[in-house]
Amino acid sequence: MITRSQCKSKGSFFERLPFEVFDMILRRLSVLEISVFSMVSKAMSGYIVDHISTLAWTKRMIPQNFHHSRFPNDKQSTYQHYKALGLLFKRCTLLLPTKDRLKFIYTKFSKIPCFMMQCRPSAASCLGFSSYGVFLQTLIAGWNELECHRVFIFLCDFTNLPRKIEIVVNGKPGASRYLELQIRQFCRQVLLDPWSSRKECVFWLTRILKPWPMVSQARLLFILYGPLLPDGSLGWQQLTSSVLSSSALSDLAKAVLLLHTDLELKDWSTNTILAILEEIRVLPQVWHVENVARLLVLCGTTLCYSVLANKAHNGRLFEISRLLVYLILVCEKDGYSMSWVVTLVQQVCKVFTAAADKWSFIQSLENMFSEVTMEIYEASLAGNPQEDFESFQTLCTILGSSAHFHTEILHMFLKE
């Protein structure tokens, strides 16, 4: 029987054990215990790499059944196991170059369909992508940006992600609904959502977006963060034909803010973000104005003002007025302070230098209140009973918002 002592005359106790005995010991250890064991010495790390490279260990310790978890405990135990696997692969490949570490991981995971983006997206029940995300986050924690960029390139080659993205950003919105959902789930659950650090999220989001032109970046942002229908597909048409809640648009707003508020992102200036927002609001067609207004409210004061000021500089009074009326409506509906919109109107008014331009802006805003009110009133007369009730509610809200807005304006002037 060959022993390790025949390979190395002076070794530790474990190195002098027969291979069979050593393997029996490793089989009785948990994944986490093996990961600690791998840090004993370089030789021990090599032995453990050989041990976990066997088909028997892979079948036993790398679960692939991600579609039949019915209980929360199953989900948590799967995540804990993949976190332990991440530590094991991190520790036992510690002395290898990044390229070789990734190659070794590929040999272990290339046979798992969910990790290769080969499974049909099956909505919430699949734990494959999220388990892979937990594994990857544990593996690369502490790696520098260059190493993480290599990981991203590796994942792109590993899953053929760029080709899949190319198909959906160049195709008709919703035409490849399963591929859209697959890209969303992979990018969100593997690359973006596992990170609690804002800096890490920005890094991975910019890796995903950067290779594509601005129009495709807007489409991709919507695919990753846009609202979903009950069946799990993207709600492309919802934004043009109906009014959505803040919760439906909050993820998209957070993603835009991630790019806008990071001062280190030279490729994503305010002008770039404004251009992307302009592209997003016409996907697949022009959005309902209330949805645009609600998204801007969620994006915050700075970005909201930038959008309005940009339109003011370009003399687009009709668009500014209509958007402001719906911003006022959203504030009334969603319970935001009306003083916020009044301050916004003041700031926009200062963009116009000539008194005549300021007066035109004020007139346009007041006329737009009347116009939008009449539109809502006419809609309440033309719809079915359910639509009538919703339109009547909106009519009451627009009248109330107008009163509150003008009260706030008068209060501001009386204080002065």
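A salt bridge is a side-chain nitrogen of Lys or Arg within 4 Å of a carboxyl oxygen of Asp or Glu. The model examined here is predicted, and it holds 13 salt bridges. In one of them, arginine 316 pairs with glutamate 319, with 2.9 Å between the closest N and O atoms. Arginine 316 is partly exposed, at a relative accessible area of 27%, and glutamate 319 is likewise partly exposed, at 28%. Salt bridges with shared partners connect Glu278, Arg281, Lys311, Arg316 and Glu319 in one network.

Within this network, lysine 311 forms a salt bridge with glutamate 278, the closest N and O atoms being 3.3 Å apart. This pair links distant parts of the chain, since lysine 311 belongs to helix H18 and glutamate 278 to helix H16, 33 residues apart. Lysine 311 is buried, with a relative accessible area of 4%, whereas glutamate 278 is partly exposed at 28%. A further salt bridge joins arginine 294 and glutamate 290 (3.2 Å, N to O). Both residues lie in helix H17, 4 residues apart, or about one turn of the helix, and both are buried.

Glutamate 180, in helix H11 (residues 177–192), is buried but has no salt bridge. The nearest side chain of opposite charge is that of arginine 219, 5.7 Å away; this exceeds the 4 Å limit, so the two do not count as a salt bridge. Beyond four places in sequence, glutamate 180 touches Val168, Lys172, Pro173, Gly174, Ala175, Ile223, Leu234 and Trp236.

Helix H18 (residues 301–313) has 13 residues, which at 1.5 Å a residue should span 18 Å; the end C-alpha atoms are 18 Å apart, in agreement. Its buried residues include Leu303, Cys304, Val307 and Leu308. Among the elements covering the buried residues of H18 are helices H15, H16, H17, H19 and H20. After H18 comes glycine 315, with a positive phi near 70°.

For the 12 residues of helix H20 (residues 338–349), the expected span is 16 Å, and the end C-alpha atoms are 17 Å apart, which agrees. Buried in H20 are Met338, Val341, Val342, Leu344, Val345, Val348 and Cys349. Viewed down the helix axis, these residues fall within an arc of 160°, so they line one face of H20.

In soluble globular proteins, nonpolar side chains tend to be buried together. The largest nonpolar core has 136 residues, of which Phe109, Leu191, Trp204 and Leu327 touch the most other members. Helix H19 (residues 317–334) contributes the most to this core, with 10 residues. Beyond four places in sequence, phenylalanine 109 contacts Ile62, Tyr82, Phe115, Met116, Tyr132, Phe135 and Phe158.

Note on methods
Residues are numbered from 1 along each chain as its sequence is written. This is a predicted model: local features need pLDDT of at least 70, side-chain atom pairs count only at pLDDT 80 or more; totals for chains, interfaces and linings use all residues. Side-chain values use heavy atoms; hydrogens and water are left out. A nonpolar core is a set of buried Ala, Val, Leu, Ile, Met, Phe, Trp, Tyr and Cys residues joined through side-chain atoms within 4.5 Å. Buried means under 20% relative accessible area, exposed over 50%, partly exposed in between (1.4 Å probe, protein chains only). Helices (H or I, at least four residues) and strands (E, at least two) are DSSP runs, numbered from the N terminus. Contact means heavy atoms within 4.5 Å. The expected span of a helix is 1.5 Å times one less than its number of residues. The arc is that of the directions from the helix axis to the C-beta atoms. Lys and Arg count as positive and Asp and Glu as negative; His and the chain ends are not counted.
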